[in-house]
Amino acid sequence: AETALREAAITLNRNVIPFDPNGAWYTSGLRLGTPAVTTLGMGAEEMREVASIVAGVLQATEADSDSKARYRLQEAVRDQARARARDLLDRHPLYPGIAL
């Protein structure tokens, strides 16, 4: 999930959750950096958009039958997620006065 979402322009990290049956290496939890998005001026509406992007990518991600770490993500889904993330960041730039 972490790698598929990074590929789709959503940065987060995996976290261990209590009593995770997969162990510490194949974690089941994801941590979104909400302080980072609020620093950019995003609020509840933007977080709903982030959640929608995350859900769409995860629903379209297929696990590899031989590995918990490999996956397949359709290019169209990835590209649409990137465009949606880019739109959010265009509306909430890191450095508003600087063209990057």
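# Briefing on a predicted chain of four helices and four strands

Leaving aside its neighbours within four places in sequence, Leu 58 touches three residues in this predicted model, namely Ala 1, Leu 5 and Leu 30. Leu 58 belongs to helix α3, and with a relative accessible area of 33% it is partly exposed. The C-alpha atoms of Leu 58 and Ala 8 lie 10 Å apart in space, although the two residues are separated by 50 residues in sequence. The points below begin with the chain as a whole and then turn to helix packing, salt bridges and two backbone details.

**The chain as a whole**

- The secondary structure consists of four helices and four strands, and a reader who follows the sequence from its start meets them in the pattern α-β-β-α-α-β-β-α.
- The C-alpha trace extends over about 45 × 30 × 25 Å when it is taken along the principal axes of the chain.
- Of the 100 residues in the chain, 26% are buried, while the area that the chain exposes comes to about 6900 Å², with 54% of that area supplied by carbon and sulfur atoms.
- When contacts between residues at least 6 apart in sequence are considered, 50% of them join residues that are at least 24 apart.

**Packing of helices α3 and α4**

- Helix α3, which covers residues 44-60, packs with helix α4, which covers residues 75-91, at an angle of about 170 degrees, and the two axes are 10 Å apart.
- Because angles over 145 degrees count as roughly antiparallel, α3 is described as roughly antiparallel to α4.
- On the α3 side, the contact is made by Glu 46, Glu 49, Val 50, Ser 52, Ile 53, Gly 56, Val 57 and Ala 60, and on the α4 side it is made by Val 77, Ala 81, Arg 84, Ala 85 and Leu 88.
- Sorted by character, the residues of this contact between α3 and α4 comprise eight nonpolar, two polar and three charged.

**Salt bridges**

- The structure holds seven salt bridges, among them the pairs Glu 2 with Arg 6, Glu 62 with Arg 72 and Asp 87 with Arg 91.
- In the salt bridge between the side chains of Glu 2 and Arg 6, the distance from N to O is 3.2 Å, and both residues lie in helix α1 (residues 2-7), where they are four residues apart, about one turn of the helix.
- Glu 2 counts as buried, because its relative accessibility of 16% falls under the cut-off of 20%, whereas Arg 6 counts as partly exposed at 43%.
- Asp 87 and Arg 91 likewise meet through their side chains at 3.2 Å, N to O, and this pair is placed in helix α4, again four residues apart and about one turn of the helix.
- Asp 87 is partly exposed with a relative accessible area of 38%, and Arg 91 is also partly exposed, at 44% relative accessibility.
- Salt bridges with shared partners connect Glu 2, Arg 6 and Arg 14 into one network.
- Between Glu 62 and Arg 72, the closest N and O atoms of the salt bridge are 3.8 Å apart.
- This pair links distant parts of the chain, since Glu 62 sits in strand β3 (residues 61-63) and Arg 72 in strand β4 (residues 71-73), ten residues apart.
- Glu 62 is partly exposed at 42% relative accessibility, and Arg 72 is partly exposed with a relative accessible area of 45%.

**Two residues with positive phi**

- Most residues other than glycine have a negative phi, and the two residues described next depart from that pattern.
- Ala 9, which is not a glycine, has a positive phi of about 75 degrees; its place is in the loop between α1 and β1 (13-15), where Ala 9 is partly exposed with a relative accessible area of 39%.
- Phe 19, also not a glycine, has a positive phi of about 60 degrees, and it lies in the loop between β1 and β2 (29-31).
- Phe 19 counts as exposed, because its relative accessibility of 83% is over the cut-off of 50%.

Notes: Residues numbered from 1 in each chain as written. Predicted model: local features only at pLDDT ≥ 70, side-chain atom pairs only at ≥ 80, totals over all residues. Heavy atoms only, no water. Axes fitted to C-alpha atoms, helices over the stretch in contact; angles between N-to-C directions. Helix = DSSP H or I, 4+ residues; strand = E, 2+ residues; numbered from the N terminus. Parallel < 35°, antiparallel > 145°, perpendicular 65-115°, else oblique. Contact = heavy atoms within 4.5 Å. Nonpolar A, V, L, I, M, F, W, Y, C, P; charged D, E, K, R; others polar. Buried < 20%, exposed > 50% of the residue type's maximum accessible area, 1.4 Å probe, protein only. Areas by Shrake-Rupley, 256 points an atom, 1.4 Å probe, with all protein chains shown as cover. Salt bridge = Lys/Arg side-chain N within 4 Å of Asp/Glu carboxyl O.
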